[in-house]
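Here is a brief report on one protein model. The topics are salt bridges, empty space and surface.

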Amino acid sequence: MLPLRVVLVALPVLGLSLLAQSGAVAPASYMSAADISKGLAAAVAADAAAGAAVTISPGIAVRRRSGGGEPQYAIIHPFSTEIYYIIEGTGSLVTGGTLELPLAPSTDPDVVRSKTIKNGVTRKVAKGDVVVVPPGTPHWFNAIDGTITYLESRVRVK
């Protein structure tokens, strides 16, 4: 006879496995590289300072920003951590410091933005780099060399 401890561990695992196989759990989100490229090319950013984005799943997007034209927003997410994985391109990312006034309008309570950051740390980011921005940390692409494309994951933690 199986010990009670083994049964107590095995039943939930078996139950989750059967639940996943029954189709009750949503399938994985997937978007091909071709579809992402097509979506980014077709994306018309409602606000040029926010960049173009293709949402893969809630909280997961591929974002492309351009160094030409409208300056990028400097942003704080009070309730979320953001993780960037740079797919292609290079730019200067400022983190820390404080947002300069005046603040730019935003309807999202997890987005506070302005046009610049004062006293932040500037880093050059490039393909393959990973940046983790904790909640409440100002961040801003103050310079982009042509375009930069990155996978963005925003995880609400507060």
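R63 and E152 are both buried, where buried means under 20% relative accessible area, exposed over 50% and partly exposed in between (1.4 Å probe, protein chains only). The model is predicted: local features need pLDDT of at least 70, side-chain atom pairs count only at pLDDT 80 or more, and totals for chains, interfaces and linings use all residues. Residues are numbered from 1 along each chain as its sequence is written, and side-chain values use heavy atoms, with hydrogens and water left out.

**Fold**

The protein has two helices and ten strands. Helices (H or I, at least four residues) and strands (E, at least two) are DSSP runs, numbered from the N terminus. The order from the N terminus is α-α-β-β-β-β-β-β-β-β-β-β. Of the 158 residues, 31% are buried.

**Salt bridges**

Side chains of opposite charge can pair when their charged atoms come close. The criterion here is a side-chain nitrogen of Lys or Arg within 4 Å of a carboxyl oxygen of Asp or Glu. The whole structure yields five such salt bridges. Among them are these three.

| Pair | Closest N to O distance |
|---|---|
| R63 and E152 | 3.2 Å |
| R64 and E88 | 3.4 Å |
| R154 and E152 | 4.0 Å |

How exposed is R154? Its relative accessible area is 26%, so R154 counts as partly exposed. Its partner E152 is buried, at 6%. Salt bridges with shared partners join R63, E82, E152 and R154 into one network.

The R63 and E152 salt bridge, with its closest N and O atoms 3.2 Å apart, links distant parts of the chain. R63 sits in strand β2 and E152 in strand β10, 89 residues apart. The pair of R64 and E88 has its closest N and O atoms 3.4 Å apart. This pair also links distant parts of the chain: R64 is in β2, E88 in β4, and their positions lie 24 residues apart in numbering. Both partners are partly exposed. R64 has a relative accessible area of 23%, and E88 has 38%.

E152 has another contact across the chain. Its C-alpha atom is 4.8 Å from that of Y84, a residue 68 positions away along the chain.

**The largest pocket**

Rolling a probe the size of a water molecule over the atoms shows where empty space is left. The search uses a 1 Å grid over the protein atoms alone. A cavity is a set of points where a 1.4 Å probe fits but cannot get out; a pocket is an open set with protein on both sides within 12 Å along at least five of seven lines. Lining residues have an atom within 4 Å of a point. Grid points are joined across faces, edges and corners, and a volume is the space filled by probe spheres set on the points.

The largest pocket has a volume of about 350 Å³. Its lining counts 21 residues, with R63, D108, V111, E152 and R154 nearest the centre. Elements that give two or more residues are β1 (52-57), β2 (60-66), β4 (80-95) and β10 (139-156). Which strand gives the most? β2 does, with four residues.

The lining splits into eight nonpolar, six polar and seven charged residues. Ala, Val, Leu, Ile, Met, Phe, Trp, Tyr, Cys and Pro count as nonpolar, Asp, Glu, Lys and Arg as charged, and the others, Gly among them, as polar.

**The cavity**

The structure holds one cavity of 30 Å³ or more. The largest cavity has a volume of about 50 Å³. R65, Y73, I75, Y84, L93, H139, W140, F141 and Y150 line it. β4 and β10 each supply at least two of these residues. The largest share, four residues, comes from β10. Seven lining residues are nonpolar, one is polar and one is charged.

**A nonpolar patch**

On the surface, I83, Y85, I87, V130, V132, L151, V155 and V157 make a nonpolar patch of about 640 Å². Patch residues have over 30% relative accessible area and no salt bridge; like charges are joined within 9 Å, nonpolar side chains (Val, Leu, Ile, Met, Phe, Trp, Tyr) within 5 Å. Areas come from the Shrake-Rupley method with a 1.4 Å probe.

β4, β9 (130-133) and β10 each give the patch at least two residues. β4 has the largest share, with three. L151 lies in strand β10. At 33% relative accessibility, L151 is partly exposed.
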